[in-house]
Amino acid sequence: MNRKLSTIDPSKKWNGPVREYDLIKEFVIAVVVVGFLALTLAAVFSSPDEKALTMQSWAKSAPADFVQTTAGELAGTTTSANYGPPYNKNGEGQNIGPINLSKAAGVRIPINPAQSFVIEPLKSQSDSKIQSALSMWSSASAQVQAKWASTYSDALTKDGKSLSLEDPSGKYGPVPTLVTSLYGMASTGALDGALTTSDSTLPTNFTKPLLFLADSGSYFPDKAAAQHLSGDQWGVMNETGSWPGQSWLWLYSLWYQIEPFKSSGNADILVMSLMGVLSLGLLLLPVLPVISRIPYWIPVHRLIWRNWYRRSRE
Amino acid sequence: MSTQKVTPQRSWTSRVRMATIEKFEPEDLLPDHQPAYVASWIYIFGVATLAAFVMLIASGLYLTLEGPAWWHSSKVGHYVNSVHLWSVELFFVFMVVHLWGKFWMAAWRGRRLATWMTGCLAFFASIITGFTGYIIQTNFDSQWIATQAKDGFNAMGIGAFFNTLNTGQAILLHVSLLPLTLGFIVVWHVILVRRKGVVPPIEEGGK
């Protein structure tokens with residue numbers, strides 16, 4: 001143990017003093033100990049399972065929010081209606097400088113919310129009143145459709161509580177019938193099936209119902225806020241209830257809490273790009289001039305190898 | 001019948017053998033001794049990470065055999081899901097402590113850059129694999145995470161190809177491509193650790 005530290009070449013194969021070691025035994029013991037720990041933590045703390053939301057639960061729990069969102073889909077005023085790529089061309093997407101990666105990738109998951117979330121599901125209904133409202137809607141020009149729907153959407157939002165409004169002058173066109181009918185479909189659970197089976201009869205893709213749900217003005221975000229999952233609650237790294245979530249995403253979540261990211265319309269691409277650069281930095285840390293010297297300046301290694309250093313001096 | 005002359009060094013098989021198996025001594029791969037300086041609590045976290053990986057693969061395979069929605073209606077399923085969750089939590093705790101330990105040891109010294117980089121790649125692959133696990137829970141948490149995360153992926157142009165709202169796609173990624181990728185990186189990392197050996201202490205004077 002009197003080997004001088006200055007003679008250690010980390011690139012050479014070690015030919016100094018050794019100690020006994022059993023790799024297989026160590027691994028088996030680790031699996032047993034960690035396995036016992038995982039089994040015990042699971043038995044004591046279990047895991048969360050908040051039931052998934054459905055169109056039906058939305059319509060029943062927050063009917064006013066449902067009809068307002070539906071009118072918004074027809075009016076083209078919701079988030080998904082103006083999203084842009086990869087769903088449609090109604091939005092610009094996000095930029096980092098002159099670069100717009102979402103536009104470059106293009107519209108690969110085409111979704112027209114008014115058609116996909118409202119009109120197409122209603123086509124499955126045989127009610128003559130619904131069919132005549134659909135016929136009136138489809139025969140109108142896009143400008144007239146937008147005027148009917150936005151007028152009704154504004155009125156519903158202003159009212160705040162009603163599920164439908166009287167229209168003696170006909171200024172809303174078929175929109176009240178369409179909205180009320182979709183609400184009826186949602187209340188029975190038929191809309192859940194219609195949205196998920198529109199592309200496949202055995203669905204595994206929930207893009208349409210989830211995008212529609214994400215347009216909700218209060219039902220979906222309020223549920224999330226109650227579970228401290230909102231963005232301003234560091235929700236990215238949280239889990240429902242009091243269970244630990246993806247705490248390793250703390251740095252990703254941090255940027256959304258501070259300026260200039262917090263109020264930027266391009267926050268997502270800025271944060272993702274920054275995390276990409278930081279990840280590259282971690283990957284190439286050994287060749288970065290200043291950061292790679294930190295372990296030499298702050299000698300935590302003295303603690304890690306304290307026995308070795310002590311014996312070497314002796 | 002003439003005998004064809006074979007040049008072993010030029011065959012694909014011999015090249016692969018020379019680049020892999022012949023690079024190792026048997027005692028490097030399965031050692032029964034270690035340098036004397038490998039004696040600290042920090043070394044536990046590397047093997048603990050691997051042990052947690054074994055646990056999460058085992059619990060994940062159980063969940064895979066029964067299907068993605070089984071755990072909502074079965075007490076056994078819920079427990080297996082809990083084991084999977086806590087294995088993932090332990091896996092990340094151990095991995096992060098291991099990573100910090102290696103940073104303070106400047107463990108990239110002595111031509112161990114590839115070892116450091118494969119460790120980082122394993123960390124990144126684990127984050128992506130863990131994320132896909134969170135969006136296939138088929139409950140409220142997965143709905144919320146999927147709808148929020150889509151914006152980041154869409155902004156980067158990735159969402160056009162990896163749709164977080166397509167649960168079927170996420171399930172297949174989580175149980176096939178991603179764990180295979182992560183497993184490959186982990187094996188690569190461990191082989192590099194065995195081949196290069198454990199980095200020795202930093203010299204006095206900080207070289």
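In this predicted model, the C-alpha centres of domain 1 and domain 2 of chain B lie 14 Å apart, and I would like to start with that pair of domains. Domain 1 of chain B covers residues 41-105, and domain 2 of chain B covers residues 110-199. Where they touch, eleven residues of domain 1 of chain B are in contact with 13 residues of domain 2 of chain B. On the domain 1 side of that contact, helix H3 (44-66) and helix H5 (75-104) of chain B each supply at least two residues, and H5(B) gives the most, with five residues. If we sort that side of domain 1 of chain B by class, we find nine nonpolar residues, one polar residue and one charged residue.

Let me set beside this the domains of chain A. There, domain 1 is made of two segments, 5-46 and 286-313, while domain 2 runs over 55-226. For chain A, the centres of domain 1 and domain 2, again taken over C-alpha atoms, are separated by 56 Å.

Coming back to chain B as a whole, its secondary structure comes to eight helices and one strand, and, read from the N terminus, the order of the elements is α-α-β-α-α-α-α-α-α. The C-alpha trace of chain B spans about 65 × 60 × 40 Å along its principal axes. Its radius of gyration is 22 Å, whereas a compact globule of 207 residues would have one near 17 Å. Of the 207 residues in chain B, 44% are buried. Taking the contacts in chain B between residues at least 6 apart in sequence, 72% join residues at least 24 apart.

How many residues does each chain bring to the contact between chain B and chain A? The contact takes 77 residues from chain B and 77 residues from chain A. On the chain B side, strand E1 (33-35), H3, H5, helix H6 (113-134), helix H7 (140-155) and helix H8 (167-196) each supply at least two residues, and the largest share, 14 residues, comes from H5(B). So that the two roles of this helix are not lost, let me repeat that H5(B) also gives the most to the side of domain 1 of chain B that touches domain 2 of chain B. By class, the side of chain B that touches chain A has 45 nonpolar, 24 polar and eight charged residues.

The two chains are also joined through their strands. Strand E1 of chain A, residues 18-20, is linked to E1(B) by three bridges, and the two strands run antiparallel. As one example from this pairing, A:Glu20 has B:His33 in E1(B) as its bridge partner.

One residue of chain A deserves a closer look, namely A:Trp234, which sits in the loop between helix H11 (219-226) and helix H12 (250-255) of chain A. Why is A:Trp234 classed as partly exposed? It has 19 other C-beta atoms within 10 Å, and burial would need 20 or more. Apart from its neighbours within four places in sequence, A:Trp234 is in contact with A:Ser253 and A:Gln257. A:Tyr252 is 18 residues from A:Trp234 in sequence, and the two are 9.4 Å apart in space, C-alpha to C-alpha.

Finally, a word on confidence. The model scores ipTM 0.91 and pTM 0.91. Chain B averages a pLDDT of 92, with 94% of its residues scoring at least 70. Where pLDDT is low, the predicted coordinates should not be read in detail.

How values were computed
Residues numbered from 1 in each chain as written. Chains lettered and ligands numbered in written order. Predicted model: local features only at pLDDT ≥ 70, side-chain atom pairs only at ≥ 80, totals over all residues. Domains from an automatic or database assignment. Contact = placed C-beta atoms within 7 Å. Helix = DSSP H or I, 4+ residues; strand = E, 2+ residues; numbered from the N terminus. Nonpolar A, V, L, I, M, F, W, Y, C, P; charged D, E, K, R; others polar. Rg over C-alpha atoms; globule rule 2.2 N^0.38 Å. Buried ≥ 20, exposed ≤ 12 C-beta atoms within 10 Å, placed from the backbone. Pairing = 2+ DSSP bridges. pLDDT = per-residue confidence, 0-100.
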